[in-house]
Amino acid sequence: RAKADGRNRYRFFDSSLDAAARRRSLIERELALAIAEGTLDINYQPLVDAQSRHIVCAEALVRWSHPTLGAISPGEFIPIAEETGQIGAIGSFVLRQACKDAVNWPAHIRIAVNLSSRQFLGPGLLPLVESALRQSGLPVNRLELEVTESLLMDMSSGVEGTLAALSRLGLRIALDDFGTGFSSLSYLRRYHFDKLKIDQSFISDLETNQDSRAIVEAIINLARDLRMSVAAEGIETRAQFDMLRQLGCGEIQGYLVGRPMPVDRFEDYLRENGSAVERLYA
Ligand code: C2E
Ligand code: MG
Ligand code: MG
Ligand code: MG
């Protein structure tokens, strides 16, 4: 019996692995089509200054809506695109399009674009950024690039050099999902980031978990002492917003402030919330 169970379990495991592998290769093939046909899209999510409630930045988030599979989240297809190398084409589309869109917005609003670690391999990133800025006419100080701690795990001289060269252009580098990676704080000494983005996993239980609160407070203080700005993502409630404001967090991003939106809806949102985001006063 034990043997039979084992065999069944093995077969079950095997076929679910199979399904995952089939889904992966389906995504890979369909993604290639979407890239070729130019059907990927970008949503923009606002970030506000915690004190003034003014919109100060927007994060570009890639979107893929497949004709039959429906919406496929970047959480699923970005890791696949990183493995296949398709991230190069996706990254270039998002950066160029985001710069073109942002140049039409009020000049104090920055645009933040996510970069995968893989985009740091090879010499293409710096010329891509320079060309996206040149072709869009976006001033370099309005561009922010978000990298994650996984990049720092192989912080070779190549990566460090590219980060430094990007900084020298005059744009800002933000460390995204801060606190979730396996990197050590010593990276903050080796390289100066302009901004830390506190990962949303520390925000969701901010009101109930003393430990999360202590970690968030420590990150905010660390950022201030190291002369970095600090943002928190995933803010969904007024209580979270108020707590982060009191702790001295600089910028706030999350569904409470605004969801990721297609460009035309984001531009309506900018017009409607011209001076400050009304709903944050309620
Ligand atoms: P991220 O850069 O940390 O982006 C924040 C994610 O949190 C987004 O998920 C956003 O929609 C979601 N979010 C924002 N506010 C809230 C909230 O209040 N509650 C909750 N539950 N979620 C919130 P999304 O758009 O699914 O993107 C997931 C990840 O995929 C991003 O995480 C980023 O790592 C990656 N990604 C997205 N677009 C790109 C891209 O153009 N290039 C690269 N390389 N990665 C991207
Ligand atoms: Mg991000
Ligand atoms: Mg993040
Ligand atoms: Mg995240």
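These legends describe close-up views of a predicted model.

**View 1. Four residues hold the magnesium ion (ligand 2).** The donors are Glu59 (OE), Asn114 (OD1), Glu146 (OE) and Asp176 (OD). They coordinate the ion at 2.0 to 2.2 Å. Along the sequence, these donor residues follow the spacing E-x54-N-x31-E-x29-D. Two of the donors come from distant parts of the chain: Glu59 lies in strand E2 (residues 55-66), and Asn114 in strand E4 (residues 110-114), 55 residues apart.

**View 2. Asp176 bridges two magnesium ions.** Its partners are ligand 2 and ligand 3. The two ions lie 3.9 Å apart.

**View 3. Glu59 and Asn114 differ in exposure.** Glu59 has a relative accessible area of 4%, so it counts as buried, the limit being under 20%. Asn114, with a relative accessible area of 29%, is partly exposed. Strand E2, home of Glu59, is mostly covered: ten of its twelve residues are buried.

**View 4. Strand E2 pairs with E1 and with E4.** Strand E1 (residues 41-49) runs antiparallel to E2 over eight bridges. Here Tyr44 stands opposite Ala60 in E2. Five residues separate E1 and E2 in a hairpin. In its turn, Arg53 has a positive phi of about 65°. E4 pairs with E2 in the parallel sense, over four bridges. Ala60 faces this strand too, standing opposite Val113 in E4.

**View 5. A hairpin joins E2 to E3.** Three residues lie between the two strands. Strand E3 (residues 70-72) and E2 run antiparallel, joined by three bridges. His66 stands opposite Gly70 in E3.

Terms used: Residues are numbered from 1 along each chain as its sequence is written. Chains are lettered from A and ligands numbered from 1 in the order in which they are written. This is a predicted model: local features need pLDDT of at least 70, side-chain atom pairs count only at pLDDT 80 or more; totals for chains, interfaces and linings use all residues. Side-chain values use heavy atoms; hydrogens and water are left out. Donors are N, O and S atoms within 2.8 Å of the metal (3.2 Å for Na, K and Ca); water is not among the atoms, so sites may look incomplete. Buried means under 20% relative accessible area, exposed over 50%, partly exposed in between (1.4 Å probe, protein chains only). Two strands pair if DSSP finds at least two bridges between them.
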